[in-house]
Structure formats: C-alpha cells, structure tokens
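Me: I am new to protein structures and would like a close look at one part of this model. Could you pick a strand and walk me through its surroundings, then show me how the rest fits in?

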Amino acid sequence: MLSTQQEQRVAEIDAIIERHGRSRSALIPILQDVQRRHDAIGDFAMQAIADRLGIHPVEVYGVVTFYAFLNEDCRGRFVIRLCRTISCDLAGRDAVANQLRNDLGIEFGGTTADGRFTLEWANCIGMCDQGPALLVNDQVFTHVTPEKVHDILSACTRAFGLHGAQEVQVR
Amino acid sequence: MTICNDMTLAAIEPDAGLAAALKLDRAGVIGEIRRSGMKGRGGAGFPTGVKWNLAAAAQGDRKFIVCNADEGEPGTFKDRVILTEWPGRVFEGMTIAGYAVGATEGILYLRGEYAYLRHGLEQCLAKRREEHLLGNDICGKTGFGFDVRIHMGAGAYVCGEETALIESLEGRRGEARNRPPFPVNTGLGGMPTIVNNVETFAWATAILARGADWFKAIGTEQSTGPKMLSVSGDVERPGVYEFPLGTPIREVLRAAGGEDAKAVVVGGASGQCVPANRFARTVSYEDVATGGAVIVFGPGRNMLDVAENFLEFFVDESCGQCTPCRIGNVKLLEGVRRLKRGECSTQQLRELRALGETMRVASKCGLGQSSPNAFLSIIEHFRREIPSRVPVTVEA
C-alpha cells in the first residue's frame, strides 16, 4: 500500500523513539537522530515526538531552540562552524571568515542556494592551541588558513557528489 | 604538538587504581580521596572527597556517576586531550567512584563539538567490558556492577554547570537549578548524583594507584596535586602542560615561550586577567584559580578587544532565565564597545563596574556570576589604556 510522506516520517520517528525509549530523558538523543535523518526538526516532527512522549509540543520546541546543534530549519549538507572565540580570534579567525564568505557567497547564518553549505559561527570548540579551527559537520579542521578554505570546500563538493555527508578528505 | 611536557597520567599503570580501590572498603576509598585533598579540576574547586562522601551517605534507589565532558570554557582543551590519550583512566575513575558511593550507572556527558571523539571512547568502553572492568562482578568482585554510557550534548556552554547538565540529561533546556539541594542529594531523576570533571576522575584513578601521600606531596597545602593547563594565545608552544598547583604564572609562560606577554587570562572567559607585573602570582585555588585555561596576550594586543570577545560569548551563551546575566552581559558588551570608540564617560564606566559587581552577586548560576570577571579585571589593570583613547570618529 502506498503511504504518504507524512506517514513515512512518522514511521521513521517511531523507529527512532523505540530505539531510545519513550522517556523525557531520551528527548535530546531522539531529536539528534531525527535531525540526522531529516536535516532539521520541523513543526510536524516536534508535534509527533511530543505526542509520543506525552509532553506539550512547546516543551520540545523549547529544547530545540535552546541548543546550538539542534535546528528547526533545514541546513546545508555541510554545516561549517568557524570558532569565533578568543584564541582562534588571535590566531587569524577574521581572514578565514572572510575567505569563507567570499568562496561561498553567503554571510554567517546563511545557506547556499544549492543547499550544500551552511555557514555559522561556533563558540569555543576546544582547539585553542591549533587555531583558527572549524567544524565541518562532526569533523574538525585546525590551523585553517584562507588558502586551506578552498581545499576544504572542494573536498566537501567532491564528497557531496558521491554520497552526501561522508567524511571529507583534504589532500 | 598538543602535549608539551611530561604527563603523570601517561605513567599511571592501567587499572592499578581500580584494583587498589577494590581491595579497600567503600569508606576506605573515600578516605583516600579525602586524604589526598584533591579539589575539583573543572574550576569550581569543591573538594572531591567531600562530594563523594555526601553522595555515599545520601539515600536513593539509584545513584549516578556523571563525568562532565562539556568542556566549553574558552581556552580550555585539556579534557579533549585526556579523552583522546587516556580515556581508560577516566572510565576507571568513574568506576572507582561508582564503587565508593554505591552507584551502578555512569554517564559521560560529551559536548556536541567533540562528537569525533565518540568512536574512540565507545571502543574503549567495549574493551573494558570485555576485560570485565565494566559490567557485572567487575574484576571478580561479586556484587559490584557498573557501566558507563555516553550522552551527547547539543551545543550549550551553560551545560558545563552541573545542575544545567543534569537538566540537559533529563531532556530539558540547560537552565541551572537553584542550589541547594545539591546534586549529591537530588541530582539526575532526583537521585544522588556525582558530577565531576574529566580530569578529576583521571586524578582519582592516579590517587588510588599511587596513594594519597604521593598526591599530597605535590602542589601546596591548600591546592594539592598536579594540574593540567591548556595554554593558548600568543606563545611559541601552545598546548597542554602539567604543573604542580602553586606554580607561578611566569614559569608557565617560560615553558610555553610567552615571556614577553602583556597579560594572561587565567580560567577562560569566566576567569581573571593578570597583567605582566603580577606574573609571580600562582596557579592555585588560593591565588588564581582555574579549570585549566591560560590564554596569553602579547604586547600588541588591545585588552578591550579581549573583553569584547568574551562578552559576545556570554551574550550568546547566557541561558536567559535570570535577569542579571541575560541583560547584564548585553549592557557590559555595549559598554565595552563604547569604551573602544572612546565614548564612555567616567560616570558610565563607574556604572558598568557597579553592574558587573551586581551580576556577580545576583546571578543564579556560575555562568552569570563569573561572566563579568574578565571585564572587571581588565578595566582594573588596564585602566590607563582606556580614558586616553581618542574617539575613532575624530580625524587625526
């Protein structure tokens, strides 16, 4: 039997919830998995999760909007988070930021029109001895220079052509 | 190079601490930690033995051992290095704590930014389960079971505060609770819970392996033991260093190659600024306390830029539940920008300082209470740089 896209989504969310258990304490792991599967946690998903955990959807919304790594709206396939905190700042963050803006053609907080890249600031990512540092999804890059920005972005583009968000290999 | 000098943790024999702990009774383990005089390595400096003792005495059907690996303090990265190099010593320390207080469940709260560490940590846990260092009847000790799971954070600095971390574990916004009650009595799910820093658990292992007397012989009377420091900024050799507590800041700078520094900020964004003429001050709980961050500023740096960066951080990371922190940081940031433009009157500067003092006493949790520290100490020590500033709008 054919199922609607919403029914498919609910089935996926159910499977995720079953894996973590129907308890409030599982909410953040559930949200992280839903986001990994659907790139974002939209209104529909929030309502579905709230129904299953027996809490008000506003509680779910409150959690999603509180954490920097949980998003309501769709992000690019590669979320680039450049550390803006002090040690990376001293090490040359601004030049890297500028190169990212120029090469991607977007501002911080924006997503490229093709949906490949989102550019964001991060607060200290714990790479203070190797700055400037940035995260591409879960992967960390250190000692980033404006020249290296191009290599990182083209490695992402190559990986995108293959299977989407897999590990990014920089030569 | 990330690791810059000899690390005691590298020389601690694996699982010697756990074996030594299991030969003692529970009170004996806690006694050893108390006798060592160790204070928490996360920054707040609460005596670890006292915390464990309170949790052991607390009544509860379940008890939890939580390792705080939400290392978000700007300039701090020693926990990342410990979790990469010696994760076994951390899990061992958690197991010892579980034995000491009668807990069977451990949780490592790993910050979202460190997701790439998870795979290695899971492998370490799997290996320990295979070797009967986790699970049931650990090391053949009948009736002692303990296991650890990893919980991923989702990007919130405030979750490094222990009650906010517990809220997050319970699936809520990371908003700090009022204390008391303390987590040792009413923690995760209302059950007695120990929350300790990554480094604290690693040193607990070392104390059991080598004895409290060994640990006590290092450092000062009030600040016992070695401490790992994350040194970054304007130095030739940034990275993780180990020093006995009580080491003068000057010596840390000499080791890292930053003798010409104008100032250091010890303790990260929530720490304090120490100018060059005070470099004889020591890294210790009784002098300049720190969770491990030492950020070094060379002669050319403008300290108002530093204060601005820190306040941008706090404006972004304040959870927003209490007013002094939510609004105060915004006002301090506006003030710093006014100072930078050379547009701040003496009266306004006085008001900013008063606001900072208010935030210290009136904020609900450690984030708000410590957020004005760097600003206030920079204003205090670099006052001469400030009123003399020429407004940038005036043409030369």
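Reply: Here is a walk that begins at one strand of chain B and ends at the contact between the chains.

Please keep in mind that this is a predicted model. Let's begin with strand β1 of chain B, which covers residues 64-69. Is this strand mostly covered or exposed? It is mostly covered, as six of its six residues are buried. In a regular strand the side chains alternate between the two faces of the sheet. For β1(B), one side holds Phe64(B), Val66(B) and Asn68(B), while the other holds Ile65(B), Cys67(B) and Ala69(B). Both faces are covered, and these residues are all buried.

Now look at the strands that pair with β1(B). Strand β2 of chain B, residues 105-110, runs parallel to β1(B), and six bridges link the two. As an example to find on screen, Cys67(B) has Leu108(B) as its bridge partner in β2(B). β1(B) also pairs with strand β4 of chain B, residues 193-197, again in the parallel sense, this time through five bridges. Here you can look for Val66(B), which stands opposite Val195(B) of β4(B).

One residue of β1(B) leads us onward. Asn68(B) is in contact with Asp79(B), a residue of helix α5 (residues 78-85) of chain B. Asp79(B) counts as buried because its relative accessible area is 2%, and the cut-off for buried is under 20%. Beyond its neighbours within four places in sequence, Asp79(B) also touches Glu71(B), Asn197(B), Val198(B) and Glu199(B). Among these, Asn197(B) belongs to β4(B), whose residues are 193-197.

Further along chain B, helix α16 spans residues 373-381. Seven of its nine residues are buried, so the helix is largely enclosed by the rest of the structure. The buried ones are Asn373(B), Ala374(B), Phe375(B), Leu376(B), Ser377(B), Ile378(B) and Ile379(B). The elements that cover them include strand β9 (272-275) and the helices α12 (303-317), α13 (323-341), α14 (346-362) and α15 (366-370) of chain B.

Helix α12(B), residues 303-317, brings us to the partner chain. Asp316(B) forms a salt bridge with Arg84(A), side chain to side chain, at 2.7 Å from N to O. Two salt bridges are found across the interface of chain A and chain B, and the count of residue pairs in polar contact between these chains is 22. On the side of chain A that touches chain B, the elements giving two or more residues are α2 (27-38), α4 (57-66) and α5 (86-90) of chain A. By class, that side has 17 nonpolar, nine polar and six charged residues.

How much area do the two chains bury between them? The value is about 3,000 Å², with 57% of it on carbon and sulfur atoms. In chain A, Phe66(A), Leu90(A) and Asp129(A) lose the most area to chain B, together 22% of what that side buries. The contact draws on 32 residues from chain A and 46 residues from chain B.

Finally, step back to chain A as a whole. Chain A has seven helices and four strands, and its C-alpha trace spans about 50 × 35 × 25 Å along the principal axes. Of its 171 residues, 51% are buried.

Definitions and conventions
Residues are numbered from 1 along each chain as its sequence is written. Chains are lettered from A and ligands numbered from 1 in the order in which they are written. This is a predicted model: local features need pLDDT of at least 70, side-chain atom pairs count only at pLDDT 80 or more; totals for chains, interfaces and linings use all residues. Side-chain values use heavy atoms; hydrogens and water are left out. Buried means under 20% relative accessible area, exposed over 50%, partly exposed in between (1.4 Å probe, protein chains only). Two strands pair if DSSP finds at least two bridges between them. Contact means heavy atoms within 4.5 Å. Buried area is the accessible area (1.4 Å probe) that two parts lose on being put together, summed over both. A salt bridge is a side-chain nitrogen of Lys or Arg within 4 Å of a carboxyl oxygen of Asp or Glu. A polar contact is a pair of N or O atoms within 3.5 Å; within protein, one must be able to donate a hydrogen and the other to accept it, and residues adjacent in sequence count only if both atoms are side-chain atoms. Ala, Val, Leu, Ile, Met, Phe, Trp, Tyr, Cys and Pro count as nonpolar, Asp, Glu, Lys and Arg as charged, and the others, Gly among them, as polar.
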